[in-house]
Amino acid sequence: MAAWMAVEEGRYRPDASVDPRRALLGWLYGIIWRKVGHHCNRACVRRELLVADPWSVQPEPPRDDEFVVEARERLLAVRLALPRLPQPDQEILALRAVGHGIRDIARALGIPSSTAVRQINRARTKLRILLRR
């Protein structure tokens, strides 16, 4: 509807050097992009609650002990799942966990960087599957 109104108002002025079909598709894509962006930024879409004085609303601070317990549970789950991974996956995840970059890992294993990325992603996927069980 916005595109049709823009054409009627004379706001559609395509570049003559560009293929007309391509120019129209690009212009329509821009309209759709902006419309969707405006829709996603609306308060009702972001599930915001409107209040008279936003500074008066104080969220409850999270309790530290809940986070500590949850973190310990996650750490225990990872510790139990890691030994069930194949040795190469354990090694590559350990290198990544201590802060080595992709290039460093690729150099240490004697493989291309793209292969190192794929192996890291595969190992993470395997670990994720084990953690879901």
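Colleague: Which element gives the most to the lining of the largest pocket?
Modeller: This is a predicted model. The largest pocket has a volume of about 160 Å³. Two elements give two or more residues to its lining, α1 (2–8) and α2 (20–40). The one that gives the most, with five residues, is α2.

Colleague: How do the residues of that lining divide into nonpolar, polar and charged?
Modeller: The lining is made of Ala2, Ala6, Arg11, Trp27, Ile31, Arg34, Lys35 and His38. Ala, Ile and Trp count as nonpolar, Arg and Lys as charged, and His falls among the polar residues. The division is therefore four nonpolar, one polar and three charged.

Colleague: Arg11 lines the largest pocket. Which residue does the side chain of Arg11 meet in a salt bridge?
Modeller: Side chains of opposite charge can pair when their charged atoms come close. For Arg11 the N to O distance is 2.8 Å. A salt bridge needs such atoms within 4 Å. The partner of Arg11 is Glu9.

Colleague: Of Arg11 and Glu9, which is exposed and which is partly exposed?
Modeller: The cut-off for exposed is over 50% relative accessible area. Arg11 is at 46%, so Arg11 counts as partly exposed. Glu9 has 54%, so the exposed one is Glu9.

Colleague: How many salt bridges does the structure hold?
Modeller: The Arg11 and Glu9 pair is one of them. Others include Glu70 with Arg74 and Asp104 with Arg107. The structure holds four.

Colleague: What separates Glu70 and Arg74 along helix α4?
Modeller: Their closest N and O atoms are 3.2 Å apart. Glu70 is partly exposed, at 39% relative accessible area. The two residues are four apart in helix α4 (residues 64–81), so what separates them is about one helical turn.

Colleague: In which helix do Asp104 and Arg107 both lie?
Modeller: These two residues form a salt bridge, with the closest N and O atoms 3.4 Å apart. Asp104 is partly exposed at 36%, whereas Arg107 is exposed at 60%. They are three residues apart, about one turn of the helix, and that helix is α6 (residues 102–109).

Colleague: How many helices and how many strands are there in the chain?
Modeller: From the N terminus on, the elements run α-α-α-α-α-α-α. Each α is a helix, and no strand appears in that run. The count is seven helices and zero strands.

Colleague: What does helix α7 reach from its first C-alpha to its last?
Modeller: Helix α7 spans residues 113–132 and has 20 residues. At 1.5 Å a residue, 28 Å is expected. The reach is close to that, at 29 Å.

Colleague: Within what arc do the buried residues of α7 fall?
Modeller: The buried residues are Thr115, Ala116, Ile120, Ala123, Leu127 and Leu130. Seen down the axis, they line one face of the helix. That is so because they fall within an arc of 135 degrees.

Colleague: What share of the residues in the chain is buried?
Modeller: Buried means under 20% relative accessible area. The chain has 133 residues. Buried residues make up 14%.

Colleague: How far apart in space are Arg133 and Ala81?
Modeller: Arg133 is found in the segment after α7. Arg133 is exposed, with a relative accessible area of 75%. In sequence, Arg133 and Ala81 are 52 residues apart. In space, C-alpha to C-alpha, the distance is 9.5 Å.

Key
Residues are numbered from 1 along each chain as its sequence is written. This is a predicted model: local features need pLDDT of at least 70, side-chain atom pairs count only at pLDDT 80 or more; totals for chains, interfaces and linings use all residues. Side-chain values use heavy atoms; hydrogens and water are left out. The expected span of a helix is 1.5 Å times one less than its number of residues. Buried means under 20% relative accessible area, exposed over 50%, partly exposed in between (1.4 Å probe, protein chains only). The arc is that of the directions from the helix axis to the C-beta atoms. On a 1 Å grid over the protein atoms alone, a cavity is a set of points where a 1.4 Å probe fits but cannot get out, and a pocket is an open set with protein on both sides within 12 Å along at least five of seven lines; lining residues have an atom within 4 Å of a point. Grid points are joined across faces, edges and corners, and a volume is the space filled by probe spheres set on the points.
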